[in-house]
Amino acid sequence: MTKLFGTNGIRGVINQDMNGVLAMGIGSAWGTYLKKTITRPRIAIGTDARLSNSMLKSAVAAGMLSTGCDMTDIGLVPTPTLQYTVKEKNYDSGVIITASHNPPQFNGIKGVASDGTEFSKDTEEAIEALYFSQQYTRASSDVGTYTTWDGAIDLYIKGVLSTVDVARIKKQRFHVVLDCGNGVGGLVTPLLLKTLGCTVTPLYCELDGTFPGRNSEPTPENLATLIKTVPEADASFGIAQDGDADRAIFVDEKGTYIWGDKSLALAGKYITRKKKGDVVVTSVTTSTCFEDVIKANNGHVIYTKVGSPIVARTMMEHHAVFGGEENGGLIFPELQYCRDSAMTCTKILEILANEKRPLSALIEEIPRYEMHKMKMPCPNEKKERVMNLLAEQMKGNSDVVNIDRTDGVKLFTKDGWVLMRPSGTEPIFRVYVETKNTQDTQRLAATYKDIVERLIQRV
Ligand code: MG
């Protein structure tokens with residue numbers, strides 16, 4: 001069976017592999033799935049700021065309405081705002097039309113369960129099976145109703161503010177350069193920061209689905225203006241969001257880009273310090289700097305396969321106090337189990353307000369590691385055998401101290417680790433190598449590149 005759902009919902013190029021007919025089919029399959037257990041499902045739907053959002057939203061909604069689901073359109077919202085609304089307002093499901101950080105020609109459909117978390121793989125597979133069978137439940141005269149509600153952003157901002165000491169943050173009068181990248185975060189974050197007493201210097205905070213300001217992925221290259229503006233404006237720090245505002249990346253007061261591993265470690269450090277230990281969750285790709293700071297506070301890290309729904313669900317299962325991904329997707333369970341950039345900004349402000357030291361000084365205390373990422377071509381049909389052979393071969397290798405098969409093959413050596421993950425979409429392995437310094441990282445990368453290349457040729 002062809003797969004529709006990827007790591008983060010269904011995505012594609014608009015009017016090509018992501019089109020109205022597909023979207024209506026997905027809506028019909030989704031509605032049929034809900035109708036199996038719920039007489040009259042209630043669904044919230046929202047979109048990011050892409051130009052194709054109305055077209056896709058209407059098509060998904062038409063499919064759902066045809067099966068007898070009642071829809072509430074909450075308009076333009078960040079993904080975490082939709083998730084929070086579903087949970088707080090007791091919807092049976094939520095739909096967000098977004099392609100996150102992808103270029104403007106893309107769009108996508110992402111599913112949210114009644115507890116506000118992203119769909120599990122099981123739910124996605126059940127909807128997928130219904131889509132391909134086309135065995136849809138169609139309502140007769142009792143098709144669904146369609147209403148709008150404009151209270152989602154207010155509800156969400158109130159929720160975020162309820163998790164911190166607002167007065168304490170306000171007192172510090174932070175100056176923040178905020179780069180929303182023309183994404184839908186522009187509807188929430190400027191308002192939230194002003195409520196927290198911040199002076200906001202805005203960059204690309206106007207919503208524009210063509211993303212004229214910068215590319216939507218918050219990489220160092222794409223954040224050149226923010227990196228330059230923060231020290232020029234003499235700001236406390238800078239924030240950048242991706243297109244649907246579930247991820248946040250920071251720039252310190254000197255204009256240094258902070259990788260997602262470090263902001264994850266920073267938040268994890270202060271949360272586990274306050275909780276005096278406890279469980280946190282991240283995926284196997286995260287830098288060891290995270291585990292170092294958690295262990296120093298007597299905390300425990302659970303590693304998962306890559307994918308924010310997996311991290312979030314593992315957090316729920318283990319009652320974790322914090323979790324997230326190394327790409328700026330941080331999850332704070334006191335609000336909700338999903339990546340949330342507005343929560344991330346608020347929590348970082350709280351840490352800075354409590355510590356009364358600049359962001360660069362706090363980041364300086366996070367242990368340093370050097371990570372190298374590379375892609376290695378490998379035909380899809382060979383991937384499984386190559387991984388199994390590598391794990392087998394390394395069992396007898398004295399340099400390898402541990403082998404972890406949570407996701408792909410992760411080999412721990414005395415200097416660091418090497419992770420080889422098969423890409424779900426391309427005929428490649430994604431390889432991550434990390435040690436304490438550049439030289440060891442390069443050496444380890446070269447060694448394993450060689451070993452894996454030979455294995456690929458052999459199988
Ligand atoms: Mg995103």
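Is Ser-100 buried or exposed in this predicted model?

**View 1. Ser-100 sits in a loop between two strands.** Start with the answer: Ser-100 is buried, because its relative accessible area is 4%, and buried means under 20%. To find this residue, look along the loop that links β4 (93-97) and β5 (106-112). Check its backbone while you're there: the phi of Ser-100 is positive, about 50°, even though this residue is not a glycine.

**View 2. Asn-182 is a residue other than glycine with a positive phi.** Here phi is near 60°. You'll spot Asn-182 in the loop between β7 (175-179) and α7 (189-195). Asn-182 has 2% relative accessibility, so it counts as buried.

**View 3. Helix α12 runs from residue 341 to residue 355.** Count along α12 and you get 15 residues. From its first C-alpha to its last, the helix reaches 21 Å, which is close to the 21 Å expected at 1.5 Å a residue. How many of the residues of α12 are buried? It's 13 of the 15, so the helix is largely enclosed by the rest of the structure.

**View 4. The two ends of α12 each have something to show you.** At the N-terminal end, Asp-340 acts as a cap: one of its side-chain oxygens lies 3.2 Å from the backbone nitrogen of Ala-342. Now go to where the helix stops. Lys-356 follows α12, and its phi is positive, near 55°.

**View 5. The second largest pocket has 14 lining residues.** Its volume is about 320 Å³. Nearest the pocket's centre lie Tyr-270, Ile-271, Lys-274, Lys-347 and Glu-350. Which helix gives the most to this lining? That's α9, with six residues. Both α9 (260-275) and α12 supply at least two lining residues each, so you're meeting the helix of Views 3 and 4 again. Sort the lining by class and you find seven charged residues, six nonpolar and one polar.

**View 6. Cysteines without a disulfide: the structure holds zero of these bonds.** Take Cys-338, which is in no disulfide: the nearest cysteine sulfur belongs to Cys-345 and is 14 Å away. Next comes Cys-345, also in no disulfide, where the nearest cysteine sulfur is that of Cys-180, at 8.6 Å. Why no bond here? A disulfide needs the two sulfur atoms within 2.5 Å. As for their surroundings, Cys-338 counts as buried because its relative accessibility is 2%. Cys-345 is buried too, with a relative accessible area of 0%.

**View 7. Ala-167 and Gly-197 are 30 residues apart in sequence.** In space, their C-alpha atoms are 8.6 Å apart. Ala-167 belongs to helix α6 (residues 166-172). Is Ala-167 buried or exposed? Ala-167 is exposed, since its relative accessible area is 53% and the cut-off for exposed is over 50%.

**View 8. Val-176 and Asp-142 are 34 residues apart along the chain.** Zoom out for this pair: 51 Å separates their C-alpha atoms. Val-176 has its place in strand β7. With 0% relative accessibility, Val-176 counts as buried.

How values were computed: Residues numbered from 1 in each chain as written. Predicted model: local features only at pLDDT ≥ 70, side-chain atom pairs only at ≥ 80, totals over all residues. Heavy atoms only, no water. Expected span 1.5 Å × (residues − 1). Buried < 20%, exposed > 50% of the residue type's maximum accessible area, 1.4 Å probe, protein only. Polar contact = N/O pair within 3.5 Å; in protein donor to acceptor, adjacent residues only side chain to side chain. 1 Å grid on protein atoms, 1.4 Å probe; cavity = no way out; pocket = protein on both sides within 12 Å on 5 of 7 lines; lining within 4 Å. Points joined across faces, edges and corners; volume = space filled by probe spheres on them. Nonpolar A, V, L, I, M, F, W, Y, C, P; charged D, E, K, R; others polar.
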